[in-house]
Amino acid sequence: MADRARATLVHADEAITPDVSVLIVGYNCRDLLIDCLDHLLASTGEPTYEIVFIENGHQDDSVAVVRDRYPGVRVLDNDANHGFGGGNNRAAAAARGEYVLLLNPDTRIAPDALAELWRAAEARPGVGAVGGVTLHEDGSIEASCAQPGPTYRVALLNAIGLGRFCRSVIDIPDEPVRARVLSGAFMMLPRGLWNELGGFDESYFLYNEETDLCLRVAEAGRELWLIPSARLVHLVGSGDSLRPDRLMAMTRSGMHLTRRRMARWRWPLTAGMIFLHSGTRWFGSWLAWPIVGADRARRLRAAFGPVLFGPRRWWRGWEGGP
């Protein structure tokens, strides 16, 4: 069987409106970014697409490497680190496509995934967003590709280590399925809706900005769909899910989401779930080290200790929050 033709990349200097604008926000991730772009440029199928890259870090040579190795990519200069949402908003402002595809730089997209998402969106007039299935390196499904949304049942199950039972999609079906929250690592929206919603809420510096966006998509009366045939590998947290700074950012952002979208009486409930979640990991590491190993026990304490014993660092969410 002959290989399928590659999808058509619209170069930065071409005056053509592409079907899809792929937005990639980097942060000192040169090697991951190269891997991501190589996989993306091997995409097959019908859509024309452009790649818009913006670097939030400027502490490595990612920008120079992209300009040198990938001349067709539109590279934007960023004056500061505006976070994931802010970086994507700036990339989207420069994009020309009829759809915007949010793509993390720590991903390896399957050759047909871009076409599968685009066809799914085209087949659903008035769709709000479509997302693909994200996988861990070992091929297992990443739970965040179709999230049940922010509820206390979900928070409680996560806190006591039973989060796998609250996935909205545990066994991925063969056909597209409605979802409530899609992964911001691999999500496509019509450009018109993106503009209508104002893109990401930039008060979320990192994490949960896609949850907020998906909730606003639903509030606008639009549907969100998970497309099982569109898949990629997601190297979650750039390969280290227990980085203390990552855990603190996730905690701050979860609290930020609560404070922005929920009644004040719910704020202490969210804080209580945070204490329960971090406390079970921190105290449990002392008890379970013979099973998990001394090194992992130390890493658990290093990751969750700052959250458990430093509520002042996350109670107010991100700067500028309520």
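Which residues touch the most other members of the largest nonpolar core? In this predicted model, where local features need pLDDT of at least 70, side-chain atom pairs count only at pLDDT 80 or more and totals for chains, interfaces and linings use all residues, they are Val20, Ile24, Tyr49, Val130, Phe186 and Met188, out of 38 residues in that core. Residues are numbered from 1 along each chain as its sequence is written, and side-chain values use heavy atoms, with hydrogens and water left out.

A nonpolar core here is a set of buried Ala, Val, Leu, Ile, Met, Phe, Trp, Tyr and Cys residues joined through side-chain atoms within 4.5 Å, buried meaning under 20% relative accessible area with a 1.4 Å probe, protein chains only. Elements giving two or more residues to the largest core include β2 (20-26), α1 (30-40), β3 (48-55) and β11 (186-190), while α4 supplies the largest share, six residues; helices (H or I, at least four residues) and strands (E, at least two) are DSSP runs, numbered from the N terminus. Apart from this core lies another, of 31 residues, among them Val25, Leu135, Cys145 and Trp194.

Helix α7 (residues 209-219) is largely enclosed by the rest of the structure, because nine of its eleven residues are buried, including the charged-type names Glu209, Glu210, Asp212 and Arg216. After α7 comes glycine 221, with a positive phi near 85°.

Arginine 178, in strand β9 (residues 177-178), has its C-alpha atom 5.9 Å from that of leucine 224, although the two residues are 46 apart along the chain.

Definitions and conventions: Buried means under 20% relative accessible area, exposed over 50%, partly exposed in between (1.4 Å probe, protein chains only).
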